[in-house]
2 protein chains.
Amino acid sequence: MARNSLIVQKFGGTSVGSIERIQAVAERVIKAKEEGKQLVVVVSAMSGETNRLLGLAQQVDAVPAERELDVLLSAGEQVSMALLAMMLNRLGHKAISLTGWQAGIKTSCQHNDAKITDIDPSYIQQLLEQDQIVIVAGFQGINDERDITTLGRGGSDTTAVALAGALRADECQIFTDVDGVYTCDPRLVPQARRLDVVHFDDMTSMARNGAKVLQLQSVEYARQHRVPLRVLSSFEEGKGTLVSFDSSAAANVVGVALKNQQTLLDVDMPLPELQEQLNLFGMQCWCKAVAADSTQIVTANEDLARLKLVLGNKMHPIATVSTLSVIGEDVSDLADNICAVLAEAGIRVRQNKRSTHCLSLLINEDDHQLAVDIVHKRFVVEPESLDNRSLLAVS
Amino acid sequence: MARNSLIVQKFGGTSVGSIERIQAVAERVIKAKEEGKQLVVVVSAMSGETNRLLGLAQQVDAVPAERELDVLLSAGEQVSMALLAMMLNRLGHKAISLTGWQAGIKTSCQHNDAKITDIDPSYIQQLLEQDQIVIVAGFQGINDERDITTLGRGGSDTTAVALAGALRADECQIFTDVDGVYTCDPRLVPQARRLDVVHFDDMTSMARNGAKVLQLQSVEYARQHRVPLRVLSSFEEGKGTLVSFDSSAAANVVGVALKNQQTLLDVDMPLPELQEQLNLFGMQCWCKAVAADSTQIVTANEDLARLKLVLGNKMHPIATVSTLSVIGEDVSDLADNICAVLAEAGIRVRQNKRSTHCLSLLINEDDHQLAVDIVHKRFVVEPESLDNRSLLAVS
């Protein structure tokens with residue numbers, strides 16, 4: 001007989017932010033359990049807890065010792081996982097919570113930003129065979145020195161995906177505060193539509209270009225380990241969005257992603273030399289040679305101060321810009337068309353970059369709302385009419 | 001060359017109850033370090049934290065799953081130990097914090113009340129050789145299943161004493177909110193005097209008979225492993241009280257201890273049968289046969305309800321009583337004398353029990369303040385005059 005299907009579920013800080021919410025999570029978990037599934041549940045710290053602990057640390061030291069910060073922060077997940085396991089016990093189900101090291105999660109040495117290097121799933125498998133629901137602390141592991149480490153931003157998603165890979169889970173479900181992946185951020189474009197399925201290629205492009213629903217790192221990890229991912233709402237019923245390798249999931253234009261708060265700069269330096277300098281400081285920028293000794297680059301505003309240290313008075317800010325990315329199988333072919341539609345609306349496209357499944361356009365930040373409205377409407381909502389229009393434009 | 005002396009220091013929840021207090025603890029630790037000592041520091045959870053976590057657990061379940069309660073509560077020490085290590089780092093000293101399992105503390109399986117069964121001190125020793133100050137979470141360990149366990153009441157003292165034993169430390173220092181062991185609880189008898197030294201035999205009797213400054217379990221453990229104990233104030237400078245095996249530490253009358261909130265009962269049952277029943281329920285009482293089928297027993301008020309379940313209407317409460325214990329080498333010889341002095345003051349001694357280093361007297365609880373005042377004054381403060389008086393009484 002085939003084994004029961006094994007699901008890894010991940011609940012973030014808001015989902016376990018109070019005892020009432022922990023009860024709601026427990027009921028969701030139980031529902032899946034009663035459908036006959038084996039369950040591993042990854043939890044973040046209760047919302048607010050990580051900030052509370054960080055606040056204590058910063059009262060001690062503006063830059064706290066990294067090793068000890070990991071010891072401190074990892075206590076947050078220990079609280080939420082124990083409470084969820086207690087709740088499941090109270091509701092009549094066998095459940096056991098495991099810290100990162102108990103769950104066999106090994107990481108690199110880099111404190112505060114460790115990478116998972118290996119997972120020994122044998123103890124979890126043993127507990128699953130005993131019909132236990134296994135709760136695992138997200139965001140944490142242990143390095144070769146047996147020190148506690150944490151994984152950095154989006155760490156709990158990474159834990160869930162990595163566990164799903166190691167356990168060969170049938171699906172990794174990320175529960176969050178939205179009910180799936182949308183064609184565009186619905187706060188930006190209310191007409192944005194939830195996708196039932198999205199291909200890993202497209203999801204990777206969306207995450208890389210500003211979509212916040214899934215962290216890039218966990219999408220890449222899931223893709224690499226071929227773990228189907230599903231994004232679901234913690235608060236509403238629904239099937240969410242499945243991220244898969246199914247080629248039927250690919251679409252001409254899947255969605256639109258946006259990155260704001262970036263600066264376009266002129267730098268008095270030849271492209272190769274600038275690239276070398278940036279690499280030296282571990283910085284990645286969108287660069288374009290504009291003359292033999294002059295390069296244009298785009299950088300996140302939050303990196304400007306750091307860049308200034310490297311480039312001094314060789315850098316000259318030009319404009320605050322946004323990157324608008326259109327994602328889908330054939331978007332490269334649509335580039336001229338999209339630029340024409342934007343030009344028609346008086347929006348200047350300063351640069352564009354084409355890659356497989358993604359076309360990124362650099363526009364002034366002031367234009368971002370209009371641009372995203374237009375592109376989403378014409379190329380996502382009305383692709384049919386667009387196809388006609390595109391033929392007209394070419395003809 | 002002899003190794004540097006190795007000290008284990010233990011700070012309770014009040015001592016690490018705020019960032020300011022953690023800084024004060026760090027400064028104390030550094031002072032000892034700068035005197036050339038190797039240091040292992042055991043900490044409790046910040047005061048209030050254990051209750052906060054218990055409160056969360058009880059919102060989930062009135063009787064939370066024991067295993068998960070240990071996972072939850074052990075997060076408390078993880079926070080305080082990390083903050084102390086950070087503070088030491090900030091103040092320029094190498095320090096590393098270790099959870100129970102990282103420190104090699106193995107316990108029995110009994111959740112919420114585990115006993116330390118073994119300590120592997122090799123990792124701590126390795127860190128000490130690297131000149132690290134090692135901070136260890138009190139109150140917690142790990143059992144054979146690799147589950148987190150907690151040690152129950154007074155657990156952090158036990159951790160400190162057990163570590164001191166395993167590391168063959170030169171001294172185990174318990175920092176608390178009083179500056180040492182007193183001849184009597186100073187809240188009860190303001191004239192009580194701090195003892196510079198007290199013998200393990202006497203300290204054991206004091207802890208067993210109501211002195212709260214040290215938990216009986218840790219005194220017994222220290223005695224068994226021949227670890228000198230010192231009780232010190234977290235808040236004031238001073239040498240505190242040394243608990244040692246030095247015979248010069250023994251005194252005729254060392255001090256007076258008191259246990260209130262007890263009940264004297266008649267039970268319609270022969271002593272052997274009653275004893276058997278009590279053993280069956282793991283209860284320990286002071287028993288005395290008063291007739292062939294009748295026994296008097298003394299029990300803590302908090303155990304009355306449980307006792308009622310066992311004995312039903314065979315038990316008849318007589319009075320609310322206190323046990324006043326006089327501790328010291330020759331106290332048995334003083335029994336008649338002490339009873340005479342109390343009788344003179346109109347205080348009825350209902351029963352007395354003599355053992356090595358301890359004489360315990362059962363009195364009405366209403367008399368406890370007067371009794372303790374008289375006994376402390378006559379036999380502790382003025383032992384000289386007492387000796388004369390005693391000769392007169394005998395003659």
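**Interface, A against B**

I started with the contact between the chains: chain A puts in 41 residues and chain B puts in 41 residues. I'm working from a predicted model here. The two chains bury about 3500 Å² between them, and 63% of that sits on carbon and sulfur atoms. I then looked up who loses the most area on the chain A side: Val60(A), Met86(A) and Trp101(A), together 20% of what that side buries.

Next I went through the polar side of the interface. I get 2 salt bridges between chain A and chain B. I noted the one where the side chains of Glu49(A) and Arg52(B) meet, at 3.7 Å, N to O. For polar contacts across the interface, the rule finds 12 residue pairs, both partners at pLDDT 80 or more.

Which elements of chain A give two or more residues to the side that touches chain B? I listed helix 2 (49–60), helix 3 (66–90) and strand 3 (95–98). Helix 3 of chain A has the largest share, with 17 residues. By residue class, I split that side of chain A into 25 nonpolar, 7 polar and 9 charged.

**Thr50(A) and Glu77(A)**

I pulled the UniProt features. An unreviewed entry puts "binding site" at Thr50(A) and Glu77(A). They span 28 residues in sequence, but their C-alpha atoms are no more than 8.8 Å apart, so they gather at one spot.

Is Glu77(A) buried or exposed? At 3% relative accessibility I count Glu77(A) as buried, the cut-off being under 20%. Glu77(A) is in helix 3 of chain A. Leaving out residues up to four places away in sequence, I find Glu77(A) touching Val43(A), Ser44(A), Ala45(A), Ala137(A), Gly138(A), Phe139(A) and Gln140(A).

Thr50(A) is in helix 2 of chain A. I have Thr50(A) down as partly exposed, with a relative accessible area of 26%. With residues up to four places away again left out, Thr50(A) touches Ala45(A) and Leu73(A). I noticed that Ala45(A) turns up in the list for Thr50(A) and also in the list for Glu77(A).

**The other UniProt set**

The unreviewed UniProt entry also has "binding site" at Lys10(A), Phe11(A), Gly12(A), Gly13(A), Thr176(A), Asp177(A), Tyr182(A), Arg187(A), Lys212(A) and Val213(A). I checked the spread: they run over 204 residues of sequence and are spread in space too, up to 23.5 Å between C-alpha atoms.

I took two of the set for a further look. Tyr182(A) is in the loop between strand 9 (171–176) and strand 10 (197–199) of chain A. The side chain of Tyr182(A) makes a polar contact with the side chain of Asp179(A), at 2.8 Å. Beyond four places in sequence, Tyr182(A) is in contact with Ala192(A), Arg193(A), Arg194(A), Leu195(A) and Met206(A).

Val213(A) sits in the loop between helix 6 and helix 7 (216–224) of chain A. Val213(A) comes out partly exposed, at 21% relative accessible area. Beyond four places in sequence, Val213(A) touches Val178(A), Gly180(A), Val181(A), Met203(A) and Val231(A).

**Helix 6**

Met206(A) and Met203(A) sent me to helix 6 of chain A, where both are among the buried residues. How many of the residues of helix 6 are buried? I count 7 of the 9 in residues 200–208, so helix 6 is largely enclosed by the rest of the structure. Besides those two methionines, the buried ones are Phe200(A), Asp202(A), Thr204(A), Ser205(A) and Ala207(A). Last thing I noted: Gly210(A) follows helix 6 and has a positive phi, near 120 degrees.

Technical notes. Residues numbered from 1 in each chain as written. Chains lettered and ligands numbered in written order. Predicted model: local features only at pLDDT ≥ 70, side-chain atom pairs only at ≥ 80, totals over all residues. Heavy atoms only, no water. Contact = heavy atoms within 4.5 Å. Buried area = accessible area lost by both parts, 1.4 Å probe. Salt bridge = Lys/Arg side-chain N within 4 Å of Asp/Glu carboxyl O. Polar contact = N/O pair within 3.5 Å; in protein donor to acceptor, adjacent residues only side chain to side chain. Helix = DSSP H or I, 4+ residues; strand = E, 2+ residues; numbered from the N terminus. Nonpolar A, V, L, I, M, F, W, Y, C, P; charged D, E, K, R; others polar. UniProt positions renumbered as here; feature names shortened; annotations may be inferred. Buried < 20%, exposed > 50% of the residue type's maximum accessible area, 1.4 Å probe, protein only.
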